[in-house]
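Biologist: I am new to this structure and should be grateful for a guided reading. May I put my questions one at a time?

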Amino acid sequence: MGRLPREVRGKPRSVRPDTMHTMTGPTLNRDYERRPYWHATMPSLHARSGRQLPDIVDVAIVGGGYTGVAAARKLALQGAKAVLLEARTLGYGASSRNGGIIHPGFKWGPRTLVKRYGPELARAIYGESMEAFELVSGLIRDNDIDAELRPNGWLELAWAPSHFDHFADEAAALAPWGTRARIVEKARLREEIGTDAYHGGLAVEPGGILHPGKWFAGLVGLAERAGADLHEATPVLAIRRQADGRFVVETSRGAILARDVLVATNGYTDGAVPSVRRRIVPIVSSIIATEPLPEDLAHEVSPTGRAYFDTKNFLSYWHVSADRRVIFGGRVSFLPQSPERTARALFDRMLAIHPQVAGYRVEYSWGGNVAMTFDRMPHIGRLGGIMHAVGYSGTGVLMSTYLGTRAAEWLGGGEPPALAMLRFRLVPAPYEGRPWFLPFIGEAFRLQDRLAVRGVAPPGRSGPTPAASADESAQGQ
Ligand SMILES: Cc1cc2nc3c(=O)[nH]c(=O)nc-3n(C[C@H](O)[C@H](O)[C@H](O)COP(=O)(O)OP(=O)(O)OC[C@H]3O[C@@H](n4cnc5c(N)ncnc54)[C@H](O)[C@@H]3O)c2cc1C
C-alpha cells in the first residue's frame, strides 16, 4: 500500500496523453492484484449452483449480469415463472468489472440521433436513457442500497480542438431534451479536473458514478426478494424451437421447456444463439485502480467528483472512487495483449493525463468484454422468436438494467421500448464469433485519433460519446 520511493516518483508534467509511449516515466509496480477492485470490496454472493432446475417455465433467461438479473426481478414481480441460467457465477461478466460510469445518452449525440432516426424516435430513444438513469438511481435510493452512488455528472474531454468546437452545439442540442450541459474552456478546465492535457470539456448532468459490484449485489438482493430463481454453473448450450412455438433450452444440466427465452449475454455471447452472436463484436476493455490518494491530491485530480472520459477512439475513462483511488480504464489495443502490457499502457496513459499521481501504486488491474454493435446502439427485440437485450456499446451500466426490465414487461404483455424500433444489423463481415477484422478497425481508429489532433480529419465522433466510456467503441471499457 505504501508509496514508491521518491526517486521513482515523476515530476509533475503536463504532457498530452499520446506522448506517453515516448516517455521513460515512473515504473509500474508488479505486485498489483489481477482481479477487479470491485470484487475485493463488494458483498460476497452466496453460491447458486447445483440446485434443481425447473422442467417448464414461462421464461428462460440466459446470462446473469445486470440485464438478466433485472429481467428476473421484474418477471418475478409480475408473477411469471422464470429461471435465470448463468454459465459461471452471477456477475461474472462485465456487470462486476465495469468503470461504474452512469450517463444517459448514447454513443451518438442528439443531432446524429435525429439524423439517423428522425426527431420523434430520436427523442423517444434518448428519453429511455433518461428513464434508465431514474430507474437505477431510484432503485438504489428507494431500497437503501449501498452502491456508492454519486450523481455528480460527467465531463467529456476534447482530445482534438475540432472535438471541442463540437461541444457548444451538443450542449445546445441536449438542453431541450432535459439534459444540462455546459462547455468548459481549456483555461477553466482545472476547476473541473486536474489536467491540462485536453482542449476543453463538456460538463453534463444528470449522470455520475457508482460502485458496479455493490450495485450488482444490491440488484441480486432485490431479485431474490422478489422471488427470482437464479442458477449458476449452468451454461445454455443450444435453443430449439418446437412446432408448438415453445423453446427447448438445452443446458449442461438438462433441458428446460420455455414459452419464451431472453438472451442477456452481451459481450460474453457465445454460440448458443448464433443469430445474436452474428450481430455483436466482443471487445476487451481494461481498468487499473491505484491505492487511495491523500485527500488533497484526490481533490486536485477530481475537484467536482465527476466521471471523466475523452473523445478518442482509443478512449480513456476514469474517476476517483469513494475511497479516493483513481479508477482508470480504456481501450489499449484491438490485438490480444498480455495483462501486464495492458496495465502498463493504462498506467502510462493515466500519468500522461495526471502526472501528479506518479509515485502512487497500482493495486488492481483487470479487464472484461464489452459488446459493440454495427450502429453502436443497444438492441432489444426478437430474432427467430427469441428475445434479446444486448449490445450496449458503452451505455450498459444504466441501459442493461433498463432493457432487462423492459424486456420482462414486454414478455408480460407490455409495450416494447422505442429502442426495439432500431434495426439490428449483422456485423458486415463473414463472422462466427472470432472478430478477425478488429486489428484493421484498430489501425483505422488510431489513424483517425492522430489526424484529429492535427486537424486534418473530421472528428471521430458526432456528439457526446458517453458510450465511448466504457463499453464501446467500441470504445471501451
Ligand atoms: C472493463 C469494462 C468497463 C466498463 N465500463 C462501463 C461504464 O463505465 N459505464 C457503462 O455504462 N458501461 C460500462 N461497461 C459495460 C457494462 O458493464 C455492460 O454493458 C453491462 O455490464 C452489460 O450487462 P449484461 O448483464 O448485459 O452482460 P454481462 O454482465 O456481461 O453478463 C453476461 C453474462 O452472460 C453469461 N453467459 C454468456 N453465455 C452464456 C450461456 N451460453 N449460458 C449462460 N450464461 C451465459 C456470462 O457468463 C455473463 O455472466 C464496461 C464494461 C467493461 C468490461
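Biologist: In which loop is the place of R324?

Modeller: This is a predicted model, in which local features need pLDDT of at least 70 and side-chain atom pairs count only at pLDDT 80 or more, while totals for chains, interfaces and linings use all residues. Residues are numbered from 1 along each chain as its sequence is written. Helices (H or I, at least four residues) and strands (E, at least two) are DSSP runs, numbered from the N terminus. On that numbering, R324 is placed in the loop between β14 (316-320) and β15 (326-330).

Biologist: What value does phi of R324 take in the hairpin of β14 and β15?

Modeller: The hairpin of β14 and β15 has five residues between the strands. R324 is not glycine, yet its phi is positive. The value is near 70°.

Biologist: Is R324 buried, exposed or partly exposed?

Modeller: A residue is buried if 20 or more other C-beta atoms lie within 10 Å of its own, exposed if 12 or fewer, and partly exposed in between, with C-beta atoms placed from the backbone. R324 has 17 other C-beta atoms within 10 Å, so R324 is partly exposed.

Biologist: Where does R376 lie, and is R376 buried or exposed?

Modeller: R376 lies in the loop between β16 (362-372) and β17 (379-383). Its phi is near 55°, a positive value in a residue other than glycine. Because 22 other C-beta atoms lie within 10 Å, R376 is buried.

Biologist: How far apart in space are D375 and K107?

Modeller: D375 has its place in the loop between β16 and β17. With 17 other C-beta atoms within 10 Å, D375 is partly exposed. D375 and K107 are 268 residues apart in sequence, and from C-alpha to C-alpha the separation in space is 9.3 Å.

Biologist: In what order do the eight strands of the open sheet stand?

Modeller: Two strands pair if DSSP finds at least two bridges between them. The edge strands, each pairing on one side only, are β5 (180-184) and β16. The twist from one strand to the next averages 20°. The pairing is mixed, and the order is β5-β6-β4-β13-β14-β15-β12-β16.

Biologist: Which residue stands opposite F309 in β14?

Modeller: Strand β13 (residues 307-310) pairs in the parallel sense with β4 (residues 154-157) over four bridges, and there E156 stands opposite F309. β13 and β14 run antiparallel and are joined by two bridges. In this second pairing, the residue opposite F309 is Y317.

Biologist: Which residues point the other way from V326, F328 and G330 in β15?

Modeller: In a regular strand the side chains alternate between the two faces of the sheet. Five of the five residues of β15 are buried, so β15 is largely enclosed by the rest of the structure. V326, F328 and G330 point one way, and the residues pointing the other way are I327 and G329.

Biologist: Which residue of β12 stands opposite G329?

Modeller: β15 runs antiparallel to β14, with five bridges joining them; in that pairing H319 has I327 as its bridge partner. Strand β12 (residues 281-290) and β15 also pair in the antiparallel sense, over four bridges. Opposite G329 stands I287.

Biologist: Why are helices α3 and α9 described as roughly perpendicular?

Modeller: Two packed helices are described by the angle between their axes and the distance between the axes. Axes are lines fitted to C-alpha atoms, for helices over the stretch in contact, and angles run from 0 to 180 degrees between N-to-C directions. Angles under 35 degrees count as roughly parallel, over 145 as roughly antiparallel, 65 to 115 as roughly perpendicular and the rest as oblique. Helix α3 (residues 110-142) and α9 have axes 8 Å apart and pack at an angle of about 95°.

Biologist: Which helix contributes the largest share of the largest nonpolar core?

Modeller: A nonpolar core is a set of buried Ala, Val, Leu, Ile, Met, Phe, Trp, Tyr and Cys residues joined through C-beta atoms within 7 Å. The largest one has 137 residues, of which A60, I61, A72, V261 and L262 touch the most other members. The largest share, nine residues, comes from helix α9 (residues 396-411).

Biologist: Which peptide bond is cis?

Modeller: P206 has its place in the loop between β6 (201-205) and β7 (208-209). With omega near 5°, the cis peptide bond is the one from E205 to P206.
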